[in-house]
Amino acid sequence: MLEYILKRFGQSFLVLFIMSILVFVGVNLVGDPVEMLINPEADQAEVERVIRELGLDKPVSEQYWYFLTNALEGDLGSSFIYNEPALKLILQRMPATLELALFSLFISLIIAIPLGIYAGYKPNSKASKTIMAGSILGFSMPTFWVGIIFIMFFAVYLGWLPSTGRGEIGSFLGIESSLFTLNGLSHVFLPALNLALFKISSVIRLTRAGTREIILQDYITFARAKGLSEKRIVLVHILKNILIPIVTVIGLEFGSLIAFSTVTETVFAWPGMGKLIIDSIYNLDRPVIVAYLMIIVTFFVFLNLAVDILYTFLDPRVRLKGMNQ
Amino acid sequence: MSSRDQNFKNFWRDFSVNKIAVFALFIFLSILFVAIFAPLVSPTDPYDLNSVSIMNSRMPPMSEDFAGNLYVLGTDGAGRDMLSAIFYGLRVSLGVGVLSGVFALIIGSIFGISAAFFRGKYETIIMRIVDIQLSFPSILVALIILAAFGKGVEKTIIALILVQWAYYARTARASALVEINKEYIDSARCLAFSNTRIMFKHILPNCLAPLIVVGTLQTAHAISLEATLSFLGLGLPITEPSLGLLIGNGFEYMYSGDFWISIFPGIALLITVASINLVGDHLRDMFNPRLQ
């Protein structure tokens, strides 16, 4: 068991190490950031001074070594554009992204779970078929395009909701978030709904598949034989059993919401990490690109590690397989 | 009647049960036709600088210019006919999506089938890489590649191949593992056929059904992902205007109410992706032994 966990830890660090080389070398081969940073009328001496200052005169391998040793001490370099530590910039924008992702997770669950249970409970009804067709449509709709339509319809045409920015930020129990003010909520609603759309489709399908399986189980037949009302069977027996697989999957899906928020944040000018990375790619702000990619890769690697280890505790079959390897 | 005709007949009989899927297939084939023959079916050549006039920019749908040309879907900011731009855009989007899908299918099948065939350390390493890659969302994988290596046609295609190959590898390995235990593989081994021949002439054809299902759904996904990346400005360059770039162009005019510039290319993208998904979804049900 311990051997398996240690092995997985080792693998995770190997992945991170390989990714860091790939990302660092790749980013440092693209474009010429000096050209974008410097005044076009600057003379040769000035250009050379900037190159030296940024450490770009050294070979990539040396730059990488410098980056790696600093990164292990928590310094991921400083932004070329903002002149601030890249890590600080990203951490500043992280709460905005997290609040967007959390709110959209919330929206997708309250919409998708009831629809999914209904579609699984009465698979042949007209309404269920409509729900399933709708979920394919939801799968097929490009998130960024739906975001544009939302802005056009709700913000420009109807003028109900704001289309850009994060709004007022309130504070509750020491946590600062725009979810705590009315103005903030009005700002977060459209982007969160946009981000939720894709998730709604997948959670509907997951819930429906689960419901269809559970409904065939003996304990549901038994519950019916006992004469329990259908309402109680759905709300207690089906819902409870379905939540276990859904919660596990959602843990992982939360990560993908954060990754997909780059798109939504760009459309709605939401000041989160996703918009920061896209802006940094445009500006060739190498340290921020590398720092963001490394942070998000680390996040994913450890999220997966945590889920895998959790599984070994929950499911003995996984544990045995891991030992045999 | 040859057995191939018979096979096709059986396939079509099963496929045509679902009317929605038949309709989706018809729509997809029409889109494919338009994409392939874009220069012939488009009213104008949107990238011919001589025929495009800035005087005609941002005209609403169904308007005419002074020369009496009708713009059914309006014009964009540079005065290009939207309908023609969408036809040309479909060509780029479908081309990139299908090309990357085919390459990913080939690469994924080679790794998946050989992993199932040779087993041992080789299989462990390949499948470990597949697992690790699949634990990242596709957009993140594409973002890493394009952020690290820059944008461009080839780089976008490479990114899409790298995003997809793992799905094919996993599917190919799973079905190859089932096939390898069957008797015809034993007899092929007794005949001392080469490993390559057994893998690609005997195992591969029998793994094609699940690979085609994954292929349709992945291609839809690739088209949509390419549009997203191009919209973000990380995918294709402006010289290859895919649907995603067209939508991105319209984004600028969103606040002035010129809805048609980004809505119509989006609808074209949606119909394309949805029709492929509907066909793929039905194929999956057809090939799923549990539902038969």
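Me: What pattern does chain B follow when it is read along the sequence?

Reply: The order of elements in chain B is α-α-α-β-β-α-α-α-α-α-α-α-α. Chain B thus has 11 helices and two strands, where helices (H or I, at least four residues) and strands (E, at least two) are DSSP runs numbered from the N terminus. The model is a predicted one, in which local features need pLDDT of at least 70 and side-chain atom pairs count only at pLDDT 80 or more, while totals for chains, interfaces and linings use all residues. Residues are numbered from 1 along each chain as its sequence is written, and chains are lettered from A and ligands numbered from 1 in the order in which they are written.

Me: How do you know where confidence is lowest and where it is highest in chain A?

Reply: The guide is pLDDT, the predictor's confidence in each residue, from 0 to 100. Chain A averages 81, and 90% of its residues score at least 70. Helix α5 (residues 86–121) of chain A has the highest confidence, at 89, whereas helix α13 (residues 316–324) of chain A has the lowest, at a mean of 56. Where pLDDT is low, the predicted coordinates should not be read in detail.

Me: Why are α9(B) and α11(B) called roughly antiparallel?

Reply: The axes, which are lines fitted to C-alpha atoms (for helices over the stretch in contact, with angles from 0 to 180 degrees between N-to-C directions), cross at roughly 160° and come within 9 Å. Angles under 35 degrees count as roughly parallel, over 145 as roughly antiparallel, 65 to 115 as roughly perpendicular and the rest as oblique. An angle of roughly 160° is over 145, so α9(B) and α11(B) are roughly antiparallel to each other. Their crossing is left-handed, a term for a near helix turned anticlockwise from the far one by less than a right angle, with right-handed for clockwise. Two residues are in contact if their C-beta atoms, placed from the backbone, lie within 7 Å. Among the residues making this contact are B:Val213 and B:Ala220 of α9(B), and B:Ile276 and B:Leu283 of α11(B). By class, the contact has 14 nonpolar, six polar and one charged residues. Here Ala, Val, Leu, Ile, Met, Phe, Trp, Tyr, Cys and Pro count as nonpolar, Asp, Glu, Lys and Arg as charged, and the others, Gly among them, as polar.

Me: What makes α2(B) and α11(B) oblique to each other?

Reply: The axes of helix α2 (residues 19–36) of chain B and α11(B) cross at roughly 135° and come within 8 Å. That angle falls into none of the named ranges, so the pair is oblique. The crossing is left-handed. Residues including B:Ala24, B:Phe28 and B:Ile31 in α2(B) meet residues including B:Thr272, B:Val279 and B:His282 in α11(B). This contact divides into 11 nonpolar, three polar and no charged residues.

Me: Why are α9(B) and α10(B) called oblique?

Reply: The axes of helix α9 (residues 195–231) of chain B and helix α10 (residues 243–251) of chain B come within 7 Å and cross at roughly 40°. This value is not under 35 degrees, nor does it reach 65, so the two helices are oblique. The crossing of α9(B) past α10(B) is right-handed. Its residues include B:Ala227 and B:Phe231 of α9(B), and B:Leu243 and B:Ile247 of α10(B). The contact has five nonpolar, four polar and one charged residues.

Me: What makes α10(B) mostly covered?

Reply: Eight of the nine residues of α10(B) are buried. A residue is buried if 20 or more other C-beta atoms lie within 10 Å of its own, exposed if 12 or fewer, and partly exposed in between, with C-beta atoms placed from the backbone. The buried residues include B:Leu246 and B:Asn249. Their cover includes α7 (143–157) of chain A, together with α4 (82–118), α9 and α11 of chain B. Across the 292 residues of chain B, 47% count as buried.

Me: Why does B:Ser135 count as partly exposed?

Reply: B:Ser135 has 18 C-beta neighbours inside 10 Å. The count is over 12 and under 20, so B:Ser135 is partly exposed. B:Ser135 lies in the loop between α5 (120–134) and α6 of chain B. Leaving aside neighbours within four places in sequence, B:Ser135 is in contact with A:Phe300 and A:Asn304.

Me: Which helix gives the most to the side of chain B that touches chain A?

Reply: Helix α11(B) gives the most, with 10 residues. In all, 36 residues of chain B are in contact with 36 residues of chain A. The side of chain B that touches chain A has 26 nonpolar, nine polar and one charged residues.
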